[in-house]
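The following paragraphs offer a guided reading of a protein model, from a helix contact through two sheets to the nonpolar interior. The reader is invited to keep the sequence and coordinates at hand.

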Amino acid sequence: MTPDLIFHNATLYFPGNAPFCRKQPADPSTSPPVTALATTGSRITALGDDDTLLAMAGPNTRILDMDQHLVLPGFIDTHFHFYEWAVNLSSIDFAQTRNFAGMESAIREKAALLGPGHWILGQGFNESDWPENRMPDRLDLDLAAPDNPVCIWRCDLHLAVANSMALSLAGIDSASPDPADGVIVRDGTGIPTGVLKEMAPNLIRNVIPALTFGQLLENMEKAMAKAHAMGLTGIHDIRLMGGEEGTVALKAWQALHCGNRLALRCHVALPGEMTRQAVDLGLCTGFGDTLLRIGHLKFFSDGGMGARTAWMTEPYLDAAYGMPLTPIREIEKAVVQADAAGLSCMVHAVGDRAVHEVLSVFAKVEALNQSACRIPHRIEHAQMILPKDLDTLGRMKNLAVSCQPNNMSLDISLINQCAGDRARFAYNFKSILNTGVPTMFSSDAPVADPNPFAGIFSAVTRQRMDHTPDTGWYPDQCLTVDQAVDGYTLTPATVSGMGNVTGSLSIGKKADLIVTDRNIFTADSKDIPTTRVMLTLFNGQIVYERP
Ligand SMILES: [Zn+2]
């Protein structure tokens, strides 16, 4: 069959072949290296040298001279709150905000734009990196927008701050009890400060007018286009705080798929609290097609370090031990039930105590030897892990881990401050990888910037985006670019049962690939985060071309 597209004169990435990324032929004396790739329909149909592939061109073949540019498989972000990201496209993004004044002026601007009474939402603030070094409260937000309800989420999504109008619309006052698994922070006189932890922001969420389904689909399409521009062709859409979010997100993905508007390979997680219903329906992880699949049941064993709710074996330097979220016995019961039914589970575990407890649950489940899961269970984050638990991790047979290098850059100051030299157990990517457990990378967006090049930079340098600290934070845990790229491509594909569909440039796989403006394997590492995607091909179609 005549190819639709031929990419030639390219630097093609093949796992294990970095930094040159041109597949060396078995006998280099007789055949030149692989520098060209052809696609037909949705698939990669040929790999070879330029002359051989160009000879396959027909009158309708589009020929793209890559001018030696790097061609990578499309990235897969394995922990992406895509639904929230899409919904949030119309709210304020505080990721680049550097102080209170910046936060307040963004809110003031939005208030002027929307007019009084309209909800102002925002996310992504990281006060631990601000000079004021304190949490904003309702009074700060009242100053910026006294006539609008305002609610802003911290970058880790485990804490939100609401202003007085938002609190009153949600009926939160001194008399309100803390909700289950949540905390309404109060001042010395018992008045809520506006800071809401873990499940408490749901009290606010419940009174925010929702997008219509049509608006949601539009936002999701816009979000997919943004993802393509960053080089993403696959995501695992992860459930957040329960409620009807899971139902709406799954419906939206199906609607996009049925309308031929789905342009990402999507593995959709289900809310853990729906384990019973999922088992009763006979759903199994991996059900679906190459575009849309039922993913893992998602559970939370603890919170996050920013809110000091990650569950620790030793107290924080400035707080107690954090807290378990869903009780571990409850998680165990659900995992046992799901595992026997073919529903794989993913459990959020950030603190070292949470990671230890969750590992024990998965070890127990493996010992039952009852699994009907084709796709491994997962630990999400494993942000802090003790050496003895690394040993346990290495013994697990049906478990994978998804870690977030982008978050590490955001969290360096925070973890130094709250954990002191126990920070040496945090974000130990190399140690985790060395246990042999399949290790996938992800952004946890909107918690962190979903740009995979930012994640690769962080994994390789262990620096903040401003290139500090100089030699990297606990630099013995730095990865190679090849290892980092693998965590965004082949490993996630293989671990989610898509190893014959995507994740590498191989004949017969779907044509999901990107072209970059620089070779990240040979470039100075400080230039990795600003790498631009020049073209994204999804399912054989060009879905993004840099203007
Ligand atoms: Zn998350």
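For helices, an axis is a line fitted to the C-alpha atoms over the stretch in contact, and angles run from 0 to 180 degrees between N-to-C directions. The model discussed here is predicted. In it, helix α13, residues 405-419, packs against helix α15, residues 452-461, at an angle of about 65° and with the two axes 7 Å apart. The crossing of α13 and α15 is left-handed. On the α13 side the contact is made by Pro405, Asn406, Met408 and Ser409, which meet Ala454, Gly455, Ser458 and Ala459 of α15. Classified by residue type, this contact of α13 with α15 comprises four nonpolar and four polar residues, with no charged residues.

The discussion now turns to the parallel sheet. Eight strands make up this open sheet, in the order β7-β14-β15-β16-β17-β18-β19-β20, and their pairing is parallel. The edges are occupied by β7 (75-80) and β20 (439-441); each has a single partner strand, so one side of each is left without a neighbour in the sheet. On average, and with direction ignored, neighbouring strands of this sheet are turned by 25° against each other.

Within this sheet, individual pairings can be followed strand by strand. Strand β14 (residues 232-237) runs parallel to strand β15 (residues 265-271), and four bridges join them. His236 is found opposite His267 in β15. Helix α10 (residues 328-341) packs on the sheet, where it touches β16 (292-300), β17 (345-349) and β18 (377-381); the direction of α10 makes about 155° with that of β16. The pairing of β15 with β16 is likewise in the parallel sense, over five bridges, and Val268 stands opposite Ile294 in β16. How far is β16 enclosed by the rest of the structure? Nine of its nine residues are buried, so β16 is largely enclosed.

A second sheet follows another pattern of pairing. Five strands form this open sheet, in the order β2-β6-β21-β22-β23, with mixed pairing. Here β2 (11-12) and β23 (541-545) stand at the edges, and because each has a single partner strand, one side of each lacks a neighbour in the sheet. Strand β2 runs parallel to strand β6 (residues 70-73), to which two bridges join it; in this pairing Leu12 lies opposite Val71 in β6. By contrast, β6 and β21 run antiparallel and are joined by three bridges, with Pro73 opposite Leu513 in β21. Strand β21 also runs antiparallel to strand β22 (residues 533-538), through four bridges, and Leu513 stands opposite Leu537 in β22. Both faces of β21 (residues 513-516) are covered: Leu513 and Val515 on one side, and Ile514 and Thr516 on the other, are all buried.

The nonpolar interior remains to be described. The largest nonpolar core has 103 residues, of which Phe82, Trp253, Met305, Ile456 and Ile520 touch the most other members. Helix α11 (residues 352-368) gives the most to this core, contributing seven residues. Setting aside its neighbours within four places in sequence, Phe82 is in contact with Met220, Ala223, Met224, Ala227, Ile235, Asp237, Trp253 and Leu264. Another core, of 18 residues, lies apart from the largest one and has Ala111, Trp130, Val150 and Val195 among its members.

Notes: Residues numbered from 1 in each chain as written. Predicted model: local features only at pLDDT ≥ 70, side-chain atom pairs only at ≥ 80, totals over all residues. Heavy atoms only, no water. Left-handed = near helix turned anticlockwise from the far one by under 90°. Contact = heavy atoms within 4.5 Å. Nonpolar A, V, L, I, M, F, W, Y, C, P; charged D, E, K, R; others polar. Pairing = 2+ DSSP bridges. Core = buried A, V, L, I, M, F, W, Y, C linked by side-chain atoms within 4.5 Å. Buried < 20%, exposed > 50% of the residue type's maximum accessible area, 1.4 Å probe, protein only.
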